[in-house]
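Trainee: Could we go through this one together? I would like to start with a loop and then work inwards.

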Amino acid sequence: MDIISSNPNASRQPDDSDTITAGNLEKHAYWRVLEPEDQVDKDDERKVVRALDWHLLPLFCVFYFTDYLDRANIGNATIGGIQDDLKLSATQMSTIISAFYITYILFEVPSNIILKKTSGVIWLSTIMLAWGIITLVMGFIADFGGLLVSRLLLGAAESGYIPGMLYQLSRFYKPQELSSRIGILISMACIAGVASGPIAYATSFLEGHGGLHGWQYLFILEGAPTIALSAVSYFMLFDTVDQVSWLTVEQKQLQNTRMRKHHQDNIHTAKTMSWKTLWIPMADWKTWLFGLVYMINAINFASYSIFSPMLIDGFGFPVLTSQLLTAPPNVLAAAVMLLSRYLTDRYENVRAKVAMCGFITMAIGYTLLLVLHDRWSLYGALFIIPIGMSIEAPAVLGWSAVNYEDLSVRAVAVAIVVMVVLGNAFNMSCALLGATVSGLTGFLLYRENKRRDQMAAEDELGPAAVGDLSYRFYY
């Protein structure tokens, strides 16, 4: 082993107190001592990975569960009566559902930059507290404007969590270890889908209690635990293994050594972010292809999680039955997800093949929705769609997190991919263009009406003018 004065691959950030002296050399050994990776004892490495699993995965699983539960509950609230109770039109309801993704897209990259320049623990805990409060407040909103603002704020708060979580995991696990962990995490989205239906079903029995509707209790009961979990996040998560007490000095040294090959994060520049850091992933073709694949994945995942309760309701099932029928497809999806994450990690370079199989399976499910008519047959098709999502999701979500060596570049790249710039920037541009053209069209029609008022006074068109050319016709 060689002892050197600085380890360019250590994940801990030094300060003035980190100067190595004869008296504190042993204290700093776990990040100052280098050992070739091929000399790492595999049994010892497995113990370290197992310890990381026990202390990281349960926390992130619970946090991701709440993340997905709080963003998708609008679907259950819709069939629970929120649209009727707040007297919302179909257009207003669609706007509320879509509003989440506007701020979600816009704030993902800034959020990961803040995470990289500050502390992952503090930032992830803070945004969790924020979205928990917003979800809770949604239970007391009584009009379209308040609900719209809440969904916009919820999107901004939740935007940084998934890319931040993926970035944090990529700091502790090798590429070949990451997909299985991500698969476990994503299965929590399916579990959230399992739980959301019964929770919504239970809150429907609280209708009228305390002067509140069932859907209000849904937001309250899902927001309050998130607020409590943000405190758990703050005290239980960690930024580096140097901060934990459940690893020995030798195990911390082993963890830093085994990750050295996969990280290029110099201790003197680890928190330095520059325009070049932003430009490198943006100029990399991988970022845009990862983003395109993730965009397609995200559209399918979000569409299914939000609209499946409404689809089932549209098949002709009673409202309460529809709430419960959302659970079984998600149970199957969670099981398939765990199998897929194993295959993705077990075999090298199979992400593309696994993703293709998943997307093809989804296409079959959507095709069946188009051609089938019996309600139970349509419900059966809803099992095929989440199976496809579960096959491709572990491969797709972790793809970008293992293909950028520099940690600063990785933080930005993962956020860009999750932001799905290629697709959503186009969608946002179309939305803005639509708003502009709509406003312009309305203005021109208004101006034409004013002109016809003047023409009516002067009777310039005369009695021969017919149809919409007549000054008597107003747009």
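**A loop, some charged pairs and the interior**

Mentor: Let us begin with Lys 87, which is found in the loop between helix H3 (82-85) and helix H4 (90-106). Please keep in mind throughout that this is a predicted model.

Trainee: Okay, and is Lys 87 buried or exposed?

Mentor: Lys 87 has a relative accessible area of 72%, and because the cut-off for exposed is over 50%, the residue counts as exposed. Its backbone also deserves a look, since phi of Lys 87 is near 55 degrees, which is a positive value in a residue other than glycine.

Trainee: Changing topic, how many salt bridges does the structure hold?

Mentor: The structure holds eight salt bridges, and a good one to start with joins the side chains of Lys 42 and Glu 45, with 3.5 Å from N to O. Both residues lie in helix H2, three residues apart, which is about one turn of the helix.

Trainee: And how accessible is Lys 42? What about Glu 45?

Mentor: Lys 42 counts as partly exposed, at 46% relative accessibility, whereas Glu 45 counts as buried, at 7%.

Trainee: Which lysine besides that one pairs with Glu 45?

Mentor: Lys 174 also forms a salt bridge with Glu 45, and the closest N and O atoms of that pair are 2.8 Å apart. This pair links distant parts of the chain, with Lys 174 in the loop between helix H8 (161-172) and H9, Glu 45 in helix H2, and their positions 129 residues apart in sequence. Lys 174 is buried, with a relative accessible area of 5%.

Trainee: So which residues end up linked in a network of salt bridges?

Mentor: The network links Lys 42, Glu 45, Lys 174, Glu 177 and Arg 258.

Trainee: What does Asp 53 pair with?

Mentor: The side chain of Asp 53 meets that of Arg 181 in a salt bridge, at 2.8 Å from N to O. Asp 53 lies in helix H2 and Arg 181 in helix H9, so this pair ties together parts that are 128 residues apart in sequence. Asp 53 counts as buried at 19% relative accessibility, because the cut-off for buried is under 20%, and Arg 181 is buried too, with a relative accessible area of 12%.

Trainee: Let's go inside now. How many residues does the largest nonpolar core have?

Mentor: The largest nonpolar core has 81 residues, and those with the most contacts inside it are Phe 60, Tyr 161 and Tyr 173. Helix H2, covering residues 42-79, gives the most to this core, with 15 residues. As general background, nonpolar side chains tend to be buried together in soluble globular proteins.

Trainee: What does Phe 60 touch?

Mentor: If we leave aside residues up to four places away in sequence, Phe 60 touches Leu 124, Tyr 161, Met 165, Gln 168, Leu 169, Leu 185 and Leu 237.

Trainee: Last topic: how many cavities of 30 Å³ or more does a search find?

Mentor: A search of the whole structure finds four of them, and about 200 Å³ of space lies in the largest cavity. The elements that give two or more residues to the lining of the largest cavity are H2, helix H9 (175-203), helix H13 (285-314), helix H15 (327-346) and helix H17 (375-397).

Trainee: Which lining residues lie nearest the centre?

Mentor: Of the 20 residues that line the largest cavity, Ala 189, Ala 192, Gly 193, Ser 305 and Asn 330 lie nearest its centre. The lining divides into twelve nonpolar, eight polar and no charged residues.

Terms used. Residues numbered from 1 in each chain as written. Predicted model: local features only at pLDDT ≥ 70, side-chain atom pairs only at ≥ 80, totals over all residues. Heavy atoms only, no water. Core = buried A, V, L, I, M, F, W, Y, C linked by side-chain atoms within 4.5 Å. Buried < 20%, exposed > 50% of the residue type's maximum accessible area, 1.4 Å probe, protein only. Helix = DSSP H or I, 4+ residues; strand = E, 2+ residues; numbered from the N terminus. Contact = heavy atoms within 4.5 Å. 1 Å grid on protein atoms, 1.4 Å probe; cavity = no way out; pocket = protein on both sides within 12 Å on 5 of 7 lines; lining within 4 Å. Points joined across faces, edges and corners; volume = space filled by probe spheres on them. Nonpolar A, V, L, I, M, F, W, Y, C, P; charged D, E, K, R; others polar. Salt bridge = Lys/Arg side-chain N within 4 Å of Asp/Glu carboxyl O.
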